[in-house]
Amino acid sequence: MSAWRVALCGNPNVGKSTVFNALTGLRQHTGNWAGKTVETARGRVRGSGGGWTLTDLPGAYSLLSGSPEEVVASDCLTFESLSAVIVVCDATCLERNLNLALQVAEACPRMVLCVNMMDEARSREIGVNLTLLEHLLGLPVVGVTARRRQGLEELKRRVETVCENSPMRRQTSHLHYPEPVERALEALSKQIRRSVPAVRAAGTERFAALRALLSGDGFLTRLMAQADVAARDALRSAVQGQKSALERTGFSEERLSAAVISEGYRAAGELCSRVVFHPAQSAKERRQLRLDRLLSSKRTGIPIMLCMLGLVLYLTISGANVPSAWLSETLNAFEPELNSFLVGLGAPDWLCGLLVSGMYRVTSWVVSVMLPPMAIFFPLFTLLEDLGFLPRVAFNLDRCFQRCRACGKQALCMCMGLGCNAVGVMGCRIIQSPRERLIAILTNALVPCNGRFPTLIALISMFFVFTGGAVGSLMGALVLLLLIVLCVLVTLACSHLLSATVLKGMPSAFALELPPFRRPKVGEVLVRSVLDRTLFVLGRAVKVAAPAGLLIWLLANLRVGDTQLLQLLAGALDPLGRFLGMDGVILLAFILGFPANEIVLPIMLMTYLSQGTLVEMQGLETLRALLVSNGWTLWTAACVALFSLFHWPCSTTTLTVYRETGSLKWTAVAVLLPTMAGVVLCAAVAFVGRMAG
């Protein structure tokens with residue numbers, strides 16, 4: 001049983017990742033928007049007599065289109081010899097999901113249909129006759145409520161039954177294509193069965209033939225790579241011959257694609273007309289419809305979106321001050337003990353300074369400044385995600401991106417970038433068009449990640465908010481909200497610039513699914529946001545803060561003559577820094593902060609202090625006094641805030657861009673684009689500041 005390999009697939013936003021987590025016990029992140037899963041994940045399922053491997057495939061609307069996540073799912077079903085396939089559907093919109101299920105049944109007859117969200121269907125008084133559906137499909141059908149772990153044991157039992165049975169192809173199919181298409185599929189299936197051992201072993205030759213007729217050269221190339229060397233020419237000729245035969249009968253590529261798509265939806269609609277009962281519109285559905293109209297309206301959608309983001313920022317700013325001060329005091333109290341411990345071990349003074357005043361002090365500062373805002377922001381952001389609010393944000397911004405000849409799904413990647421730009425870059429895989437995907441990747445760093453928020457919040461609190469308490473927090477949230485709006489506008493401008501120059505093209509059409517509003521599971525959200533996001537990002541920051549503290553301490557304590565090496569480097573950068581409205585210390589801090597944005601402000605402070613170490617700051621007022629004593633003005637703070645928003649992405653994001661594009665050229669563009677935006681904006685503000693006197 002341990003050798004069984006089962007795949008899990010389904011449309012986006014049907015609870016597929018929730019089913020995967022429930023079956024395997026893993027914590028694959030789930031989210032209430034389409035295209036959340038863009039990679040495969042694997043886990044072990046404990047069965048009745050052992051265990052089996054479950055692979056979570058990317059969400060797909062069809063196995064016959066060309067988006068990256070759908071190609072991954074299609075290739076797995078085509079070339080992998082699977083013991084079974086689980087297709088997850090949403091009981092509340094079964095007709096839309098069955099199109100994919102029927103395609104999977106064509107590819108892999110060892111299929112189990114998992115009808116999820118049965119509780120939501122019951123709450124909407126939607127009836128699904130699972131017994132009749134199983135009879136009509138000729139396949140096992142199981143109703144589950146994955147988030148409550150209901151029906152999962154029955155699902156595992158039915159999967160194991162399918163895996164135990166000997167391979168058997170069903171005699172009937174619910175998809176009946178026109179006669180010329182059927183003849184072409186039959187002829188091409190025979191050739192593929194003779195030529196491609198992997199497809200022959202998987203029993204998916206008919207599905208592979210359909211993909212070969214519909215797809216471009218990309219699938220044919222992958223199919224040829226799997227074929228026997230001696231049979232490759234015959235296989236290529238067979239594909240070209242059947243395509244030519246279809247064109248002679250009037251089935252061009254466009255007409256063939258339309259015929260296949262329409263047949264899938266016809267069959268799905270026919271099945272659902274017999275097994276699904278829809279009552280008159282319920283009060284809950286009417287409320288959802290009114291709420292959708294409110295959130296997607298041209299007049300109210302964007303203002304509500306801004307208010308929600310402003311509320312999240314307000315709660316983050318107002319709630320982070322007290323725990324941040326407590327963390328700072330607690331971590332600082334350990335410093336003398338750590339120093340005494342090292343002295344007791346016989347460590348010399350320079351080593352104590354390196355480890356305590358350098359590594360530990362910077363790391364503790366990063367933790368105390370970063371952890372409270374993240375512990376508030378990430379759960380709130382995750383609640384909006386699970387509620388179903390973020391897809392409405394993408395819908396509202398779609399018109400803006402369309403005018404820039406980009407893809408509306410880029411708005412979802414921007415939302416991911418608010419947490420971490422590296423995650424936002426990986427999220428761009430949900431965009432099907434390579435051109436539009438590249439635009440989204442290159443512009444994602446224009447949105448501030450959570451690692452930049454502590455610096456921005458500190459600058460806003462010290463220089464742009466002149467009152468404390470709730471009013472001060474509200475003003476700070478409004479200023480930060482305006483800065484994020486500026487980032488969105490710059491993102492739109494840069495997207496338009498790229499689409500009009502090096503990445504010319506027209507925007508493509510796409511389907512954006514607006515999921516129903518769901519009540520988030522607060523406890524699960526808190527655990528997931530802390531483990532998957534807060535601690536992950538904090539761990540990354542600590543990993544780079546500790547060695548960065550060592551480096552900065554060394555630069556501050558190594559001297560050339562009577563001058564610190566750190567001061568020499570800052571002095572060399574001072575002319576450029578002054579041109580941008582800052583100084584050499586600030587510019588050096590951004591350069592040395594390349595490993596992570598979280599350590600930029602600590603580097604500034606260590607450089608300003610002649611000891612080359614971060615002394616304890618008694619609140620923001622003391623910090624502001626230190627900055628003012630080093631020449632900071634309101635204009636300096638404005639330029640630093642702008643450069644915090646627009647400069648080169650951190651090392652993690654830069655590496656992610658390279659991995660996603662596979663190109664040094666586009667990675668360089670991703671680094672230079674936000675940097676040039678920051679240079680232009682800072683130079684303009686600095687010029688105005690000098691004119692203002």
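User: Which residues have the most contacts inside the largest nonpolar core?

Analyst: Happy to help! This is a predicted model, where local features need pLDDT of at least 70, side-chain atom pairs count only at pLDDT 80 or more, and totals for chains, interfaces and linings use all residues. A nonpolar core is a set of buried (under 20% relative accessible area, 1.4 Å probe, protein chains only) Ala, Val, Leu, Ile, Met, Phe, Trp, Tyr and Cys residues joined through side-chain atoms within 4.5 Å. The largest one has 105 residues, and those with the most contacts inside it are Phe590, Met604 and Trp632.

User: Which helix gives the most to this core?

Analyst: Helices here are DSSP runs (H or I, at least four residues), numbered from the N terminus. With eleven residues, the top contributor to this core is helix 21 (residues 469-500).

User: Is arginine 193 buried or exposed, or in between?

Analyst: Arginine 193 sits in helix 7 (residues 179-195). Exposed means over 50%, and partly exposed lies between that and the buried limit of under 20%. Because its relative accessibility is 38%, arginine 193 counts as partly exposed.

User: Which residues is arginine 193 in contact with, leaving aside neighbours within four places in sequence?

Analyst: Contact means heavy atoms within 4.5 Å; side-chain values use heavy atoms, with hydrogens and water left out, and residues are numbered from 1 along each chain as its sequence is written. With those neighbours set aside, the partners of arginine 193 are Arg200 and Glu205.

User: How many residues of helix 19 are buried?

Analyst: Helix 19 covers residues 434-443 and is mostly covered. Its buried residues include Arg435, Leu438 and Thr443. Out of its ten residues, the number buried is nine.

Key
Helix = DSSP H or I, 4+ residues; strand = E, 2+ residues; numbered from the N terminus.
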